[in-house]
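Subject: Structure for your pocket work

Hello,

Here is the structure for you to look at. My notes on its pockets follow below.

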Amino acid sequence: MMLIFSQVALLLLLQLSNAAKIIGDELSGQCNSKPILDPRPHSVSILEFGAVGDGKTLNTIAFQNAIFYLKSFADKGGAQLYVPPGKWLTGSINLTSHLTLFLEKGATILASQDPSHWELVNPLPSYGRGVEVPGKRYRSLINGYNLHDVVITGDDGVIDGQGLVWWDWFTSHSLNYSRPHLVEFEDSEYVVVSNLSFLNTPAYNIHPVYCSNVYVFNISVSAPSESPYTVGIVPDSSDHVCIEGCNIATGYDAIVLKSGWDQYGIAYGRPSKNIHIRNVHLQSSSGSSIAFGSEMSGGISNVLVEHVHLYNSSTGIEFRTTKGRGGYIKGIVISDVEMENISTGFSASGHFGSHPDDEFDPNALPIVQDITLQNVRGTNIKIAGNFTGLQESPFTSIYLSNITFSMNSSSSTSWICSDVSGYSESVIPAPCSDLDTRYSISSLAANSAGKAAVL
């Protein structure tokens, strides 16, 4: 029997290791192939269209006119809209294909605090309604729909959402429509956002939804710790995404992957996949530094996260879902992580989030499996891990390797587990038995012996 256990253990660990390596090899090139931002052959300044950078004059029409003019260069190599130093107040604007929006050092695009300057649009089809309020939602500050080859970059220019009024309306339940984001691309491909600072978003900072080949690098994101549900970068039903070299500190999640809400996300059926996140510094005051879900009904898979620093956050890494979501979170590899001052290092919950309406199917059970967490060091951690799956759909194949947490002196419980199974090696403090190699291997060996007897 001991020989059977040893063989099963060796086979299992080899399978998990190989699976993690395959995902890593597949995705390691995603951030290695960032596009080179060659200068556009044509360039105009926003000043040429009557914009005034005094922080008071509304420049929405100037931006719209400039972008409309630059459409004529789409088949001539594209064009650049140059924003010089100054404070440029505007409402929502829509970009065009083959365009670079360039913010010079000292340039700040200021979002108007007047809701009438933000267009109302229909909810995303994979969500079925506004996320915060049923019905329509405010269009984001900078938008792109069905675009190709779009760049938002600069020399450390700033995009400031001036979100205080939106936060007040949200906390006082005064919103009639869901809050806008700073940047949103929908149904677009080959999108780059780089070398900028994003401040005080009303809700999300960067939201690529139904997009492919998205590159976000060398940006900083900041919102006050008390700002309600402000989020950094949100790849949503998008694929081939690279997030690299970013510093993000927000009120809620720093980076969160999504793919639709309950029956609407299931029907739309577009997953988030082939996503690479590396060399980022993340802080989330009340949420998670890196999160998956809970709106994940289209599925989330093939994600590589490596070389990340997570600090001063409620949760380091979190997987969220609930009954009615359907979908899956699988094929996730998270490696080489430094954590400090984190309440809960790892979390996986099958009881997280709400529903868009009463039409969701409670029998649509999510699948969470094939999660690798390895090479992690943490200091001042209160709870190492809290894994709470669903009795009807337990979380399986959770693999923990080479993890060391220095626990907070006030910690009374290191690990919390239910309806989860997995494997571990070289984990301090030792995980609960559900995630312990010896326990899982014994169970697997017994199951294998039973199956062999049936055969």
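**Largest pocket**

The largest pocket has a volume of about 780 Å³. Its lining is made up of 36 residues, and those closest to the centre are Val 131, Glu 132, Tyr 204, Tyr 229 and Glu 295. Please keep in mind that the model is predicted.

At least two lining residues come from each of strand 9 (137–138), helix 3 (164–171) and strand 16 (204–209). Sorted by class, the lining of the largest pocket holds 16 nonpolar residues, ten polar and ten charged.

Where does the largest pocket lie with respect to domain 1 and domain 2? It lies between them, because domain 1 (40–190) and domain 2 (253–438) both contribute residues to its lining.

**Second largest pocket**

The second largest pocket encloses about 260 Å³ of space. It is lined by 17 residues, of which Ile 36, Leu 37, Asp 38, Arg 40 and Val 151 are the closest to its centre.

Strand 6 (99–103), strand 11 (148–154) and strand 14 (189–194) are the elements that each supply two or more residues to this lining. Strand 11 gives the largest share, with four residues. The lining of the second largest pocket divides into ten nonpolar, four polar and three charged residues.

Regards

Conventions:
Residues are numbered from 1 along each chain as its sequence is written. This is a predicted model: local features need pLDDT of at least 70, side-chain atom pairs count only at pLDDT 80 or more; totals for chains, interfaces and linings use all residues. Side-chain values use heavy atoms; hydrogens and water are left out. On a 1 Å grid over the protein atoms alone, a cavity is a set of points where a 1.4 Å probe fits but cannot get out, and a pocket is an open set with protein on both sides within 12 Å along at least five of seven lines; lining residues have an atom within 4 Å of a point. Grid points are joined across faces, edges and corners, and a volume is the space filled by probe spheres set on the points. Ala, Val, Leu, Ile, Met, Phe, Trp, Tyr, Cys and Pro count as nonpolar, Asp, Glu, Lys and Arg as charged, and the others, Gly among them, as polar. Domain bounds come from an automatic or database domain assignment.
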